[in-house]
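Trainee: Could you take me through one part of this model closely, beginning with a single residue and its surroundings? I would like a connected account rather than a list.

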Amino acid sequence: MTVFRILLVLACCICLAGIVRRFSRRHKESAFAPAGHNHEKSSPSGRSFATALADILLLRRTARTSIYRWVMHTLILIGFTGLLVFHALDDIIGYPFIPGYESTLDPWQWLRNLFGGMALAGIVLAAARRMSNARLKTISRRQDWLLLAVIGGIMISGFLLEASKIISPNVFNRMTESYFLPEDENDIPALQAFWSAHNGVIFTPPASTDATLIAKGEELSANNCNYCHSPTASAFLSRALATAIGPAAPALNAANADLGLWYLHIVLAFAALALMPYGKFLHPVATPVNLAARGGSHNARPPLETTAARKVGLEACTRCGECSLHCSVAPAFAAIGNADILPSEKLVSLRGYATNTLSEHETDAFAEGSRICTECLRCTQICPSGINLQDLWLSSKKSLKHRELDGPNTTIRQCNAMQWAEVLSAQGKSRFEQIKGDGLADRAESFWGCVQCTTCTSVCPVVAVSEAPAKDLDLTPQQIMNLLRMGLKDQTLAARMVWSCTTCYKCQEHCPQNIQVADILFELRQIATERMKERKLTACPLPAATSGRFSAAPLPPETKKPEGGKA
């Protein structure tokens, strides 16, 4: 068995074992519990095959979010697919189905360079995007760089391999020994002269430059070589690279560089095959499956999905980072440092949470990131892979609530806003506030310009869906701004408006005074969360039925956590 077949069989076995392991892992059904009722139906008959095809082949969802990413992914998709069909699988597709096919003939030789150049350009753009965007660079993981390194390595080693073969006299000699029968002693020198002058082979000592000998070599090449070889000039990128490395040709030839580069090229290619079931290497398969399953759905609020659909969605993530770049609560990541606040990172943790592979610390981080999520739907709308992230968050939040890991969002409703004002003000500023210093809610210039015009309240979708805002929300946005103007920050910390805000930023965008309303509401929620976290408050220490003003009674040193729960 050849080395090629041994490596191929090994890569296939590793790939198959990874697929079996990945899809045989049992997911906790509770991690994908139904998140609620949705009367919107999602049946295959209502899906558009043409729309799904456009999403898969034309990357239409990617184009909606970023033309840069669309160009980048289109280059990689077309380039890599072309190489796969007309190069890697030419024994399966090219030779059996294309009459007269030879990989070294045009247009295939030219197309191979074109596809390789497109794929490499896409990889370079992808690497540049991750390096140039500070937030994306921060959340990029080893698997992101590994994928770029492996695919880029395949492209670069392929070009180097072809370039080394172009200049190599060893390759020329192997070719003539196998396929050329000289009739006289001048045939080989003539052929060398022609291939050196026109196809870039670099001989040591140099081949003859005699015009008569070159003309004879051209005739010999036309009669013996042109059936399988087009001029190497059509391999435009490889030929240019061959010219660049020409000065090193004697050393490369002595070291049999073409053989070493061949081994490197196939090892990288088989490494990509072996790694396919692991990390984001699976997304070239899982993403089209997810888009096809969704049928190109662009609903403003996608329907709730089945457990199987959610599992496919978990595997379809390309880790492009678009959801994290557009996340409404992304500023919280900069303040807290918990990567699970960002959708792309939370999705990785959700996969671990669903398979019971998260440590206790990682589970707590995932729970905190889930609590901070405001379910604004931006990540779902922006996702180029069509993952129903909104449904995944709603489902996992229900599971976290069942395990008593849902934290302050539920705890805060156990007492009214005035009671929490007494509780949270009694302990003073949290360590978070002390380190951060005065925030937006502490600086008069943040809200002093408020004229109580109620614009923020009028455009707020949370107020709009509430039948009784005074009862459901305690305070409306402009009332919260008014309390802050009066120096009553603690009285706003537990207002249900603060905890129900979706950070859609409509209030902030429409404010005629340019007040940072949404940012202030989010900051208030963060302050209350940090104070509760420091005191380990998992329940309101005051009677829920009590109302009115209370004297600030000292709290017990530490509130005991409920059985089986976490702070």
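Mentor: Since the model is a predicted one, I will describe what its coordinates show, beginning with Asp90, which is buried and yet forms no salt bridge, the nearest side chain of opposite charge being that of Arg112, 6.6 Å away. That distance does not meet the criterion for a salt bridge because a side-chain nitrogen of Lys or Arg has to lie within 4 Å of a carboxyl oxygen of Asp or Glu. Asp90 belongs to helix α5, which covers residues 90-97, and, once neighbours within four places in sequence are set aside, Asp90 is in contact with Val85, Tyr95, Pro96, Tyr101 and Ser103.

A second buried residue can be set beside Asp90: Val150, located in helix α8 (residues 142-167), counts as buried because its relative accessibility is 7%, and the cut-off for that term is under 20%. Leaving out residues up to four places away in sequence, Val150 touches Leu268, Ala272 and Phe281, while the C-alpha atom of Val150 is 7.7 Å from that of Ala271, a residue 121 residues apart from Val150 along the chain.

Turning from single residues to a pair of helices, the axes of α24 (residues 417-426) and α33 (residues 517-534) come within 10 Å and cross at roughly 65°, and the crossing of α24 past α33 is left-handed. Trp420, Leu424 and Ser425 of α24 make this contact with Ala528, Arg531 and Met532 of α33, a set of residues that divides into four nonpolar, one polar and one charged.

Definitions and conventions
Residues are numbered from 1 along each chain as its sequence is written. This is a predicted model: local features need pLDDT of at least 70, side-chain atom pairs count only at pLDDT 80 or more; totals for chains, interfaces and linings use all residues. Side-chain values use heavy atoms; hydrogens and water are left out. Helices (H or I, at least four residues) and strands (E, at least two) are DSSP runs, numbered from the N terminus. Buried means under 20% relative accessible area, exposed over 50%, partly exposed in between (1.4 Å probe, protein chains only). Lys and Arg count as positive and Asp and Glu as negative; His and the chain ends are not counted. Contact means heavy atoms within 4.5 Å. Axes are lines fitted to C-alpha atoms, for helices over the stretch in contact, and angles run from 0 to 180 degrees between N-to-C directions. A crossing is left-handed if the near helix is turned anticlockwise from the far one by less than a right angle, and right-handed if clockwise. Ala, Val, Leu, Ile, Met, Phe, Trp, Tyr, Cys and Pro count as nonpolar, Asp, Glu, Lys and Arg as charged, and the others, Gly among them, as polar.
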